[in-house]
Structure formats: C-alpha cells, structure tokens
Amino acid sequence: MNIFTNTTSTADIDPIEVVRRELSRRVTPARKAHIERVTTLLEGLTERFDLDVAAARLAGLAHDLDRDIPSWTAFALVSDWRLPVQPIERRHPKMLHGAITAARLRRRYGVTSDSVISAVRHHTLGDPSLDDLGLALFVADFCEPGRRHSGTGNAREILALPSLEQMVCRIIEFNERRFGPLEEPTAQLYARLQGD
Ligand SMILES: [Fe+2]
Ligand SMILES: [Fe+2]
C-alpha cells in the first residue's frame with residue numbers, strides 16, 4: 001500500500017466513487033462495516049434535517065478512510081502536508097486520521113466542499129466551527145448500531161432528541177463522564193451549542 005502516491009486519476013470521477021474504491025484497500029473489513037453503518041445513519045439524519053444527501057454520503061464514507069494507517073505513516077503525512085493538529089491528536093496518533101483524510105479529500109480527490117472537509121476533519125473531537133453536516137456526522141459516528149460503548153438504548157435516546165445540537169450535547173456529556181475533562185475544541189463546541 002503506497003499512500004504517498006496518488007494512483008487514482010480523479011479529474012472526472014465522482015469523489016464518492018473514488019472513496020468507495022479506496023475504502024476497499026485502505027481499511028479493514030470491520031472498519032468498512034462501521035463506515036457503512038455510519039453512512040446509512042447519516043443519510044437518515046440528512047433526510048430528517050434536510051441536509052445535502054451527496055455531501056453527507058461523501059462525508060460518511062470518507063470519515064475513517066485513514067483510520068487504519070500505521071502511526072508512523074500518519075505522522076509522516078501530517079508533517080509532509082503541514083497539517084495543524086491538536087496536542088491530543090499527537091499523543092494519540094490514531095486520532096490524526098480526521099486531519100489526514102480531510103487533507104487527502106482536498107489535495108488528492110478534488111473535493112471542494114468546506115462542509116464535507118470540516119465534518120471529516122473534526123469528527124472525533126468536534127469543533128465550534130462545525131455546521132449541521134458536521135454535527136450530523138458526529139452524531140452518526142457515535143450512534144451507529146455497531147458501537148458497543150454507546151449502547152443501543154443510549155443511542156436510541158440520543159437519536160430521539162429533536163435537534164442535532166441537543167444530540168451532540170448529549171454525546172459530549174456522555175464522553176465527559178466517561179473520559180474526563182473535554183479537549184479545547186470539544187468544550188468550545190459544547191459552549192456554542194448551549195448558546196444556540
Ligand atoms: Fe474516526
Ligand atoms: Fe467512525
């Protein structure tokens with residue numbers, strides 16, 4: 001697997017098709033199954049909250065495209081592409097995948113949607129700049145039915161809330177109870193949503 005070379009000509013190809021093809025060689029079967037469940041749930045949220053279906057499909061399919069790359073590769077890409085990352089993402093290199101895939105989408109796959117790029121970039125920690133697509137991906141990633149930590153009942157309760165803002169707040173509260181104090185971008189997102 002050579003992730004430094006762009007072997008795919010993307011000039012006239014739908015990025016969704018490019019990502020679908022790349023998924024088969026970049027992620028494990030279990031990861032791919034998670035990605036498909038997230039995308040299905042995200043498409044449901046898209047319909048419910050009247051978001052752009054194609055953008056949601058691309059964000060869902062792409063969000064964990066680089067989740068299975070080795071740490072040394074992740075650090076090399078972050079360095080080569082001069083990507084700004086959070087301290088916690090450096091300490092836990094598995095968390096670098098959002099920044100890497102977001103950059104890959106723009107640099108290699110010709111994606112121009114800031115909304116898609118931002119949703120993918122910030123799907124792990126969240127960020128105060130997230131729009132509705134970003135919030136929806138954050139929710140779908142947490143609530144997809146294969147997640148053990150969220151629990152079916154918990155996910156169902158979250159998805160029954162009336163707004164994406166409330167769903168994200170509930171997830172952040174859950175994560176704070178589970179993992180302790182929030183990282184800066186997560187705390188800022190929570191503060192913004194409480195004020196909305
Ligand atoms: Fe992820
Ligand atoms: Fe994910």
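The crossing of helices α2 and α8 is right-handed in this predicted model. Helix α2 spans residues 29–48, and its axis comes within 9 Å of that of α8, the two crossing at roughly 135 degrees. That angle makes α2 oblique to α8. On the α2 side the residues that meet α8 are V38, L41, L42, L45 and T46, while α8 offers A136, L137, V139, A140, D141 and C143 in return. By class, this contact has nine nonpolar residues, one polar residue and one charged residue.

Helix α2 also packs against α3, where the axes come within 8 Å and cross at roughly 155 degrees. Here α2 is therefore roughly antiparallel to α3, and the crossing in which α2 passes α3 is right-handed. From α2 the contact takes I35, V38, T39, L42, E43 and T46, and from α3 it takes V53, A56, R57, G60 and L61. These residues divide into six nonpolar, three polar and two charged.

A third pair is formed by α10 (residues 164–179) and α11 (residues 184–195), which pack at an angle of about 140 degrees with their axes 10 Å apart. The two helices are therefore oblique to each other, and α10 passes α11 in a left-handed crossing. The residues that meet are E165, V168, C169 and I172 in α10 and T186, Y190, L193 and Q194 in α11. By class, the contact of α10 with α11 has five nonpolar residues, two polar residues and one charged residue.

The geometry of the three pairs is set out below.

| Helix pair | Angle between axes | Axis distance |
|---|---|---|
| α2 and α8 | roughly 135 degrees | within 9 Å |
| α2 and α3 | roughly 155 degrees | within 8 Å |
| α10 and α11 | about 140 degrees | 10 Å |

In soluble globular proteins, nonpolar side chains tend to be buried together. The largest nonpolar core of this model holds 49 residues, of which A59, A136, V139, A140 and V168 touch the most other members. Helix α8, residues 132–143, gives the most to this core, with nine residues. Among those well-connected members, V139 is in contact with L45, L164, M167, V168 and I171, once its neighbours within four places in sequence are left aside. Of these partners, V168 is itself one of the core residues that touch the most other members, and V168 is also among the α10 residues that meet α11. L45, for its part, is one of the α2 residues that meet α8.

L133 is another residue of helix α8. With 26 C-beta neighbours inside 10 Å, L133 counts as buried. Beyond its neighbours within four places in sequence, L133 is in contact with L51, A55, A56, A59, S115 and A119. The C-alpha atoms of L133 and V116 are separated by 7.4 Å, although the two residues are 17 residues apart along the chain.

V116 and A119 belong to helix α7 (residues 114–121), whose buried residues are V116, I117, A119, V120 and R121. The buried residues of α7 pack against three helices, namely α3 (53–62), α6 (97–107) and α8.

A74 offers a view of another part of the chain, as it is found in helix α4, which covers residues 71–80. A74 is buried, because 24 other C-beta atoms lie within 10 Å. Leaving aside its neighbours within four places in sequence, A74 is in contact with I69, P93, L96, H97 and I100. A74 and R90 are 16 residues apart along the chain, and their C-alpha atoms are separated by 9.8 Å.

Two loop residues deserve a separate look for their backbone angles. D50 has a phi near 60 degrees, a positive value in a residue other than glycine, and D50 is found in the loop between α2 and α3. With 8 C-beta neighbours inside 10 Å, D50 counts as exposed. R82 likewise is not a glycine and has a positive phi, of about 50 degrees; its place is in the loop between α4 and α5 (87–91). R82 is exposed, with 7 other C-beta atoms within 10 Å.

Note on methods
Residues are numbered from 1 along each chain as its sequence is written. Chains are lettered from A and ligands numbered from 1 in the order in which they are written. This is a predicted model: local features need pLDDT of at least 70, side-chain atom pairs count only at pLDDT 80 or more; totals for chains, interfaces and linings use all residues. A nonpolar core is a set of buried Ala, Val, Leu, Ile, Met, Phe, Trp, Tyr and Cys residues joined through C-beta atoms within 7 Å. A residue is buried if 20 or more other C-beta atoms lie within 10 Å of its own, exposed if 12 or fewer, and partly exposed in between; C-beta atoms are placed from the backbone. Helices (H or I, at least four residues) and strands (E, at least two) are DSSP runs, numbered from the N terminus. Two residues are in contact if their C-beta atoms, placed from the backbone, lie within 7 Å. Axes are lines fitted to C-alpha atoms, for helices over the stretch in contact, and angles run from 0 to 180 degrees between N-to-C directions. Angles under 35 degrees count as roughly parallel, over 145 as roughly antiparallel, 65 to 115 as roughly perpendicular and the rest as oblique. A crossing is left-handed if the near helix is turned anticlockwise from the far one by less than a right angle, and right-handed if clockwise. Ala, Val, Leu, Ile, Met, Phe, Trp, Tyr, Cys and Pro count as nonpolar, Asp, Glu, Lys and Arg as charged, and the others, Gly among them, as polar.
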